[in-house]
Structure formats: structure tokens, C-alpha cells
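Biologist: Please pick one part of this model and look at it closely. Then work outward from there to whatever surrounds it, in one connected account.

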Amino acid sequence: MKISIITVCRNSASTIRDTLESVRSQTYPAVEHIVIDGASTDATMEIVQEFGHVAQLRSEPDGGLYDAMNKGIALAGGELVGILNSDDVFAHAG
């Protein structure tokens, strides 16, 4: 079963690295990480591009948090979809 994790962000350079590392550290073999960025003007995009595990990355203006989440859901290919915000991390790797 594939799991899609969607992270939405905008100007999250100060927090998104921990989020990306948290997803990358998961050991489940079928995780798809989708990042939807609301046209950040800080270093968010540069940080995200450092992480090769990100399956899909979109950066464009949107209509807010829920619009961005819906964009991610539309792209998700997993049977299970989760949302992990750009200032959150998973409690445990695994």
C-alpha cells in the first residue's frame, strides 16, 4: 500500500527542514511525499529541492491553506493520504 504525505507551506524556511527530514526518515517503503508551496519568497524552495525523496513539488499562488491541501490531494497516488504541516514532524521514525 502506498502512503501519500502532503506538506503545504509558504515562507517556511525556518521550519520545513525538520518536516522534510521527518518524512525522509520513515522506513515504510512506499511513501510518496508531495510538497505544495504557495509561492514562497524566502528560501523554502531551495531547502525543499535539497531533499531527493520529494516525489512532487508545486510552487504557485493559491487560495490559502485548504486550496493548497486540495491541490496535494488531487496529486496523491496513495491509498492512504496524510497531511503533515510544514512546522510539524512525525513522533517516531518507522
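Modeller: S22 is buried, with a relative accessible area of 8%, where the cut-off for buried is under 20%. The model is a predicted one, and the values below are computed from it. S22 lies in helix α1, which runs over residues 16-24. Leaving aside residues up to four places away in sequence, S22 touches V89 and F90.

S22 shares its burial with other positions of the helix: the buried residues of α1 are I16, T19, L20, S22 and V23. Seen down the axis of α1, these residues fall within an arc of 160°, so they line one face of the helix. An α-helix has 3.6 residues a turn, so residues three or four places apart point the same way. The cover over the buried residues of α1 includes the strands β1 (3-9), β2 and β3 (54-59), together with helix α2.

Two of the buried residues of α1, I16 and L20, belong to the largest nonpolar core. This core has eight residues in all, and the other members are C9, V35, I47, V48, F51 and V54. The elements that give two or more residues to the core are α1 and α2, the latter spanning residues 44-48. In soluble globular proteins, nonpolar side chains tend to be buried together. I47 is a useful residue for seeing how the core meets α1: apart from residues up to four places away in sequence, I47 touches A13, I16, R17 and L20. A second core, separate from this one, has seven residues, among them I6, V8, I34 and M69.

R17, one of the contacts of I47, is partly exposed, with a relative accessible area of 32%. R17 also forms a salt bridge with E50, and the closest N and O atoms are 2.7 Å apart. E50 sits in the loop between α2 and β3, while R17 is in helix α1, so the pair ties together parts that are 33 residues apart in sequence. E50 counts as partly exposed too, at 48% relative accessibility.

The structure holds two salt bridges. Besides the pair at R17, the side chains of K71 and E60 meet in a salt bridge, at 2.8 Å from N to O. K71 lies in helix α3 and E60 in the loop between β3 and α3, so this pair ties together parts that are eleven residues apart in sequence. K71 is partly exposed, with a relative accessible area of 22%, and E60 counts as partly exposed at 35%.

Helix α3 can be read in the way α1 was. In α3, A68, M69 and G72 are buried. They cover an arc of only 100° around the axis, which puts them on the same side of α3. Y66 and A74 are exposed on the other side of α3. The cover over the buried residues of α3 includes β1, β2 and β4. M69, buried in α3, is among the members of the second core.

Several loops around these elements have features of their own. Before α1, in the loop between β1 and α1, comes N11. Phi of N11 is near 50°, a positive value in a residue other than glycine, and N11 is partly exposed, with a relative accessible area of 32%. A39, in the loop between β2 and α2, also has a positive phi in a residue other than glycine, near 65°. A39 counts as partly exposed, at 26% relative accessibility.

After α1, Y28 lies in the loop between α1 and β2 (31-37). Y28 is partly exposed, with a relative accessible area of 33%. Together with M1 and L80, Y28 forms a nonpolar patch on the surface, with about 310 Å² of accessible area in total.

G77 lies in the loop between α3 (65-75) and β4 (80-83). G77 is partly exposed, with a relative accessible area of 42%. Apart from residues up to four places away in sequence, G77 touches K2, S4 and E32. The C-alpha atoms of G77 and D87 are separated by 23 Å, the two residues being ten apart along the chain.

Notes. Residues numbered from 1 in each chain as written. Predicted model: local features only at pLDDT ≥ 70, side-chain atom pairs only at ≥ 80, totals over all residues. Heavy atoms only, no water. Core = buried A, V, L, I, M, F, W, Y, C linked by side-chain atoms within 4.5 Å. Buried < 20%, exposed > 50% of the residue type's maximum accessible area, 1.4 Å probe, protein only. Helix = DSSP H or I, 4+ residues; strand = E, 2+ residues; numbered from the N terminus. Contact = heavy atoms within 4.5 Å. Patch = residues over 30% accessible without salt bridge, like charges linked within 9 Å, V, L, I, M, F, W, Y side chains within 5 Å. Areas by Shrake-Rupley, 256 points an atom, 1.4 Å probe, with all protein chains shown as cover. Salt bridge = Lys/Arg side-chain N within 4 Å of Asp/Glu carboxyl O. Arc of directions from axis to C-beta.
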